[in-house]
Amino acid sequence: MTLTVVLLTIASVTVVALLAAAGAGKLARMDNASYPTALTRAAAAFAAVITLAGVVTAALAAIPT
């Protein structure tokens, strides 16, 4: 049961990160940014979501101890 919850959480965080990256890339292109710039902004958004998820996980893991 625990493994299932962990895998579903990882999958949902990845989907949210991909959606944020796609949105950032689309907004950058709508702002007339070049493709490399839009890709850079999308990658930064993806990395930010993954980093935030890691920070929240670390903070929640420290609570019970």
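Student: Which residue lies over the face of Tyr 35?

Tutor: Arg 29 does, at 3.8 Å from the ring centre. Bear in mind that this is a predicted model.

Student: Where does Arg 29 lie?

Tutor: In helix α1.

Student: Is Arg 29 exposed, or what? What is the relative accessible area?

Tutor: The relative accessible area is 32%. Arg 29 is partly exposed because that value falls between the 20% limit for buried and the 50% limit for exposed.

Student: What does Arg 29 touch, leaving out residues up to four places away in sequence?

Tutor: Ser 34, Tyr 35 and Ala 38. So Tyr 35 turns up twice: Arg 29 touches Tyr 35 and lies over the face of its ring.

Student: And which backbone oxygen does the Arg 29 side chain reach?

Tutor: That of Ala 33, at 2.5 Å.

Student: How far apart in space are Arg 29 and Leu 39?

Tutor: 9.3 Å, C-alpha to C-alpha. In sequence they are 10 residues apart.

Student: Back to rings. How many aromatic pairs does a search of the whole structure find?

Tutor: The count is 0. The ring of Tyr 35 has Arg 29 over its face instead.

Student: New topic, the loop. Which residue has a positive phi after α1?

Tutor: Asn 32, with phi near 65°. Asn 32 is a residue other than glycine. Most residues other than glycine have a negative phi.

Student: Where is Asn 32 found?

Tutor: In the loop between α1, which runs 2–30, and α2, which runs 35–62.

Student: Buried or exposed? Why does Asn 32 count that way?

Tutor: Exposed, because its relative accessibility is 73% and the cut-off for exposed is over 50%.

Student: Zoom out. How many helices and strands does the chain have?

Tutor: The chain has 2 helices and 0 strands.

Student: What span should α1 have, and what does the model give?

Tutor: The 29 residues of α1 should span 42 Å at 1.5 Å a residue. The end C-alpha atoms of α1 are 42 Å apart, so the two values agree.

Student: And what about α2?

Tutor: α2 has 28 residues and should span 40 Å. Its end C-alpha atoms are 41 Å apart, which agrees.

Student: Which residues of α1 are buried?

Tutor: Ala 17, Ala 21, Gly 25 and Ala 28. They pack against α2.

Student: Which are the buried residues of α2?

Tutor: Ala 38, Ala 42 and Ala 45. What covers them includes α1. Ala 38 has come up already, as a residue that Arg 29 touches.

Student: What share of the chain counts as buried?

Tutor: Of the 65 residues, 12%.

Student: What radius of gyration does the chain have?

Tutor: 15 Å. A compact globule of 65 residues would have a value near 11 Å.

Student: What size of box do the C-alpha atoms fill?

Tutor: Roughly 50 × 20 × 15 Å, taken along the principal axes.

Student: Let's pick points along α1. How far is Gly 23 from Ala 45?

Tutor: Their C-alpha atoms are separated by 8.9 Å. Along the chain they are 22 residues apart. Gly 23 lies in α1, and Ala 45 is one of the buried residues of α2.

Student: Why does Gly 23 count as partly exposed?

Tutor: Because its relative accessibility is 29%, and buried would need under 20%.

Student: What about Val 5? How far is its C-alpha atom from that of Ile 63?

Tutor: 19 Å, with their positions 58 residues apart along the chain. Val 5 is found in α1 too. Val 5 is partly exposed, with a relative accessible area of 44%.

Key:
Residues numbered from 1 in each chain as written. Predicted model: local features only at pLDDT ≥ 70, side-chain atom pairs only at ≥ 80, totals over all residues. Heavy atoms only, no water. Phe/Tyr/Trp six-rings, centres within 6.5 Å; stacked < 30°, edge-to-face > 60°. Lys NZ or Arg CZ within 6 Å of the ring centre and 35° of its normal. Helix = DSSP H or I, 4+ residues; strand = E, 2+ residues; numbered from the N terminus. Buried < 20%, exposed > 50% of the residue type's maximum accessible area, 1.4 Å probe, protein only. Contact = heavy atoms within 4.5 Å. Polar contact = N/O pair within 3.5 Å; in protein donor to acceptor, adjacent residues only side chain to side chain. Expected span 1.5 Å × (residues − 1). Rg over C-alpha atoms; globule rule 2.2 N^0.38 Å.
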